[in-house]
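This report covers side-chain contacts and salt bridges in one protein chain. The sequence and structure are shown first.

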Amino acid sequence: LATEILGHHPGFYRPAGAFYLWLDVGDGIEAAKRLWAEAAVKVLPGRYLAEDNPDGSNDATRYIRVALVNDLESTRTALTRIAATL
């Protein structure tokens, strides 16, 4: 379902197995704020899930983590809203 709806998104990667996906959105914190404000979808900025590097950078800053844990129809609705908003 995620591949069908978000597969065209630049940087989309389908993991071999997981109940979530990481989506490259350029700025995970801003994308998470925008998705909540404009699409009523909660996602987690990748930066919140990774340690900072010694230089202060964070390899996950560009990403959001999308949990695919609800029923299929709710997940379809959320993914469709994410695609339309981003």
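## Polar contacts of N58

In this predicted model, the side chain of N58 makes a polar contact with the side chain of D52 at 3.0 Å. The N58 side chain also reaches a backbone atom, the oxygen of A50, at 2.9 Å.

N58 sits in the loop between β2 (44-45) and β3 (63-67). With a relative accessible area of 8%, N58 is buried, since the cut-off for that class is under 20%. Leaving aside residues up to four places away in sequence, N58 touches R47, A50, E51, D52 and N53. Two of the residues in that contact list, A50 and D52, are thus also partners of the N58 side chain: A50 through its backbone oxygen and D52 through its side chain.

## Salt bridge between R62 and D24

The structure holds 6 salt bridges. One of them joins R62 to D24, with the closest N and O atoms 3.1 Å apart. This pair links distant parts of the chain: R62 belongs to the loop between β2 and β3, while D24 is in strand β1 (residues 20-24), 38 residues apart.

The two partners fall into separate accessibility classes. R62 is partly exposed, its relative accessible area being 43%. D24 has a relative accessibility of 18% and counts as buried, because the limit for buried is under 20%.

## Salt bridges of R76

R76 forms a salt bridge with E4, and the closest N and O atoms of this pair are 3.6 Å apart. E4 lies in helix α1 (residues 2-6) and R76 in helix α3 (residues 72-85), so the salt bridge ties together parts that are 72 residues apart in sequence.

The side chain of R76 also meets that of E73 in a salt bridge, at 3.8 Å from N to O. E73 and R76 are both in helix α3, 3 residues apart, which means that about one helical turn separates them. E4, E73 and R76 are thereby linked in a network of salt bridges.

Accessibility varies across this network. E4 is exposed, at 61% relative accessible area, whereas E73 is partly exposed at 48%. R76 is also partly exposed, with a relative accessible area of 28%.

Conventions:
Residues are numbered from 1 along each chain as its sequence is written. This is a predicted model: local features need pLDDT of at least 70, side-chain atom pairs count only at pLDDT 80 or more; totals for chains, interfaces and linings use all residues. Side-chain values use heavy atoms; hydrogens and water are left out. Helices (H or I, at least four residues) and strands (E, at least two) are DSSP runs, numbered from the N terminus. Buried means under 20% relative accessible area, exposed over 50%, partly exposed in between (1.4 Å probe, protein chains only). A polar contact is a pair of N or O atoms within 3.5 Å; within protein, one must be able to donate a hydrogen and the other to accept it, and residues adjacent in sequence count only if both atoms are side-chain atoms. Contact means heavy atoms within 4.5 Å. A salt bridge is a side-chain nitrogen of Lys or Arg within 4 Å of a carboxyl oxygen of Asp or Glu.
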